[in-house]
Amino acid sequence: MKRSFSIFIKLFVILQSISVLCVSEEFDFFYFVVQWPGSYCDTKNHCCYPKSGKPAADFGIHGLWPNYKDGSYPSNCDPDALFDESQLTDLMSKMQKSWPTLSCPSNDGLKFWSHEWVKHGTCAESELDQREYFEAALKLKDKVNLLQILKDAGIKPDDRFYDLDKIKDAIEEATGFTPGIDCNVDSSHNSQLYQIYQCVDTSGSDFIQCPRLPRSRCPSRVQLPKF
Ligand code: 5GP
Ligand code: 5GP
């Protein structure tokens, strides 16, 4: 009886260490990615405003994405994790404001947030649970006002074209870190600033210099469409 109890304890300790190993940090940093709504909408696919109404003319969150230093990234890491809307009840109006969905048909955003949690958030579960994941993204959005930084540098959403380097320099000067910039193409084939990537430490709270910049599809001059 005593022997089987001690075997049970040993087994328990071994299983515990395995589970600790399994949830130890499994990524190197986050990309915090925001999208310019004018560039999402100004494409062949168009867009649909969320049910809560036309979003503000501001960058909106796309996601907080765990990444590896070599440029690869994990995805869909926990088949058992379900998106639990009830954990976000008190964050709902902030989510609608800072993380609006623009996909069609018009909806309330839950599909977008659930997709981001399941695809990306579950790969950071060693650091942040679901609520912490969304809270971290909302806080990051409030830390840096990218639109104001660009406006202060004379770069406005007015359909004009701007030097990509000027955009990067303005953000680097204001935040201390080089951003990644990604572009898409509008229905007249103009390249436009679509997304800005900032790197964040694995706790999801502090911006860092990017261990690796994301790939960019931008030419040297890009349009910043009105929204
Ligand atoms: P796209 O091919 O449009 O750039 O990206 C499609 C999707 O793949 C993104 O929305 C995102 O979910 C994922 N993705 C693209 N690039 C990266 C990346 O560098 N890191 C991570 N973690 N996900 C990415
Ligand atoms: P990702 O590219 O992150 O893997 O996937 C984004 C998914 O979220 C796509 O299925 C896309 O249709 C959906 N989605 C919903 N709203 C938005 C939005 O406002 N922006 C982007 N980029 N994707 C959205």
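How many of the 227 residues in the protein chain are buried? The share comes to 43%. The model behind that figure is a predicted one, and its average pLDDT over the protein chain is 91, with 89% of the residues scoring at least 70. One stretch stands apart: across residues 11-23 the pLDDT is below 50, and this stretch makes two contacts in the model beyond near neighbours in sequence. Where pLDDT is low, the predicted coordinates should not be read in detail.

As for the overall layout, the protein chain holds seven helices and seven strands. Read from the N terminus, the order of elements is α-β-α-β-α-α-α-α-β-α-β-β-β-β. Among contacts with a separation of 6 or more, 76% join residues that sit 24 or more positions apart. The accessible surface of the protein chain is about 12,200 Å², and carbon and sulfur atoms account for 54% of that area.

Two ligands come next, starting with ligand 1. Its surroundings are made up of Tyr 31, His 62, Trp 65, Pro 66, Asn 67, Tyr 73, Lys 119, His 120, Arg 215 and Arg 217. Three polar contacts from side chains can be picked out here. The side chain of Tyr 73 has an N or O atom 3.3 Å from a nitrogen atom of ligand 1. Lys 119 places a polar side-chain atom 3.0 Å from an oxygen atom of ligand 1, while for His 120 the distance from a side-chain N or O atom to an oxygen atom of the ligand is 2.7 Å. On its own, ligand 1 has 490 Å² of accessible area, and the protein covers 72% of it.

Ligand 2 has its own shell, consisting of Gln 35, Tyr 40, His 62, Pro 100, Thr 101, Leu 102, Ser 103, Phe 112, His 115, Glu 116, Lys 119 and Tyr 194. By residue class, that shell splits into five nonpolar, five polar and two charged. Which element gives the most to the shell around ligand 2? That is helix H4, spanning residues 110-119, with four residues. Polar side-chain atoms reach ligand 2 from several places. His 115 has one at 2.9 Å from an oxygen atom of the ligand, and Ser 103 has one at 3.4 Å from a nitrogen atom. Lys 119 turns up here too, with a polar side-chain atom 2.7 Å from an oxygen atom of ligand 2. Taken alone, ligand 2 exposes 500 Å², of which the protein buries 71%. Lys 119 and His 62 are listed around ligand 1 and again around ligand 2, and the side chain of Lys 119 makes a polar contact with an oxygen atom of each ligand.

Just ahead of H4 in sequence is the loop that follows helix H3 (92-98), and Asn 107 sits in this loop between the two helices. Is Asn 107 buried or exposed? Its relative accessibility is 14%, so Asn 107 falls on the buried side of the 20% cut-off. Its side chain is tied to the backbone on both sides in sequence, reaching the oxygen of Pro 105 at 3.1 Å and the nitrogen of Gly 109 at 2.9 Å. Leaving aside residues up to four places away, Asn 107 touches Pro 50, Lys 51 and Thr 101; Thr 101 also belongs to the residues around ligand 2.

Helix H3 itself includes Met 92. Met 92 and Gly 109 are 17 residues apart in sequence, with 9.8 Å between their C-alpha atoms. Outside its sequence neighbourhood of up to four places, Met 92 touches Glu 85, Leu 110 and Trp 113.

Another loop residue, Trp 36, lies between strand S1 (29-35) and helix H2 (37-41). With a relative accessible area of 0%, Trp 36 counts as buried. Not counting residues up to four places away in sequence, Trp 36 touches Ala 57, Asp 58, Phe 59, Leu 147, Pro 157, Leu 193, Tyr 194, Leu 224, Pro 225 and Phe 227. One of these, Pro 225, offers its backbone oxygen to the side chain of Trp 36 at 2.9 Å. Another, Tyr 194, is among the residues around ligand 2. Gly 60 is 24 residues from Trp 36 along the sequence, yet the C-alpha atoms of the two are 6.6 Å apart in space.

Methods:
Residues are numbered from 1 along each chain as its sequence is written. Chains are lettered from A and ligands numbered from 1 in the order in which they are written. This is a predicted model: local features need pLDDT of at least 70, side-chain atom pairs count only at pLDDT 80 or more; totals for chains, interfaces and linings use all residues. Side-chain values use heavy atoms; hydrogens and water are left out. A residue is near a molecule or strand if one of its heavy atoms lies within 4 Å of it. A polar contact is a pair of N or O atoms within 3.5 Å; within protein, one must be able to donate a hydrogen and the other to accept it, and residues adjacent in sequence count only if both atoms are side-chain atoms. Accessible areas come from the Shrake-Rupley method with a 1.4 Å probe; for residues, only the protein chains shown count as cover. Ala, Val, Leu, Ile, Met, Phe, Trp, Tyr, Cys and Pro count as nonpolar, Asp, Glu, Lys and Arg as charged, and the others, Gly among them, as polar. Buried means under 20% relative accessible area, exposed over 50%, partly exposed in between (1.4 Å probe, protein chains only). Contact means heavy atoms within 4.5 Å. pLDDT is the predictor's confidence in each residue, from 0 to 100.
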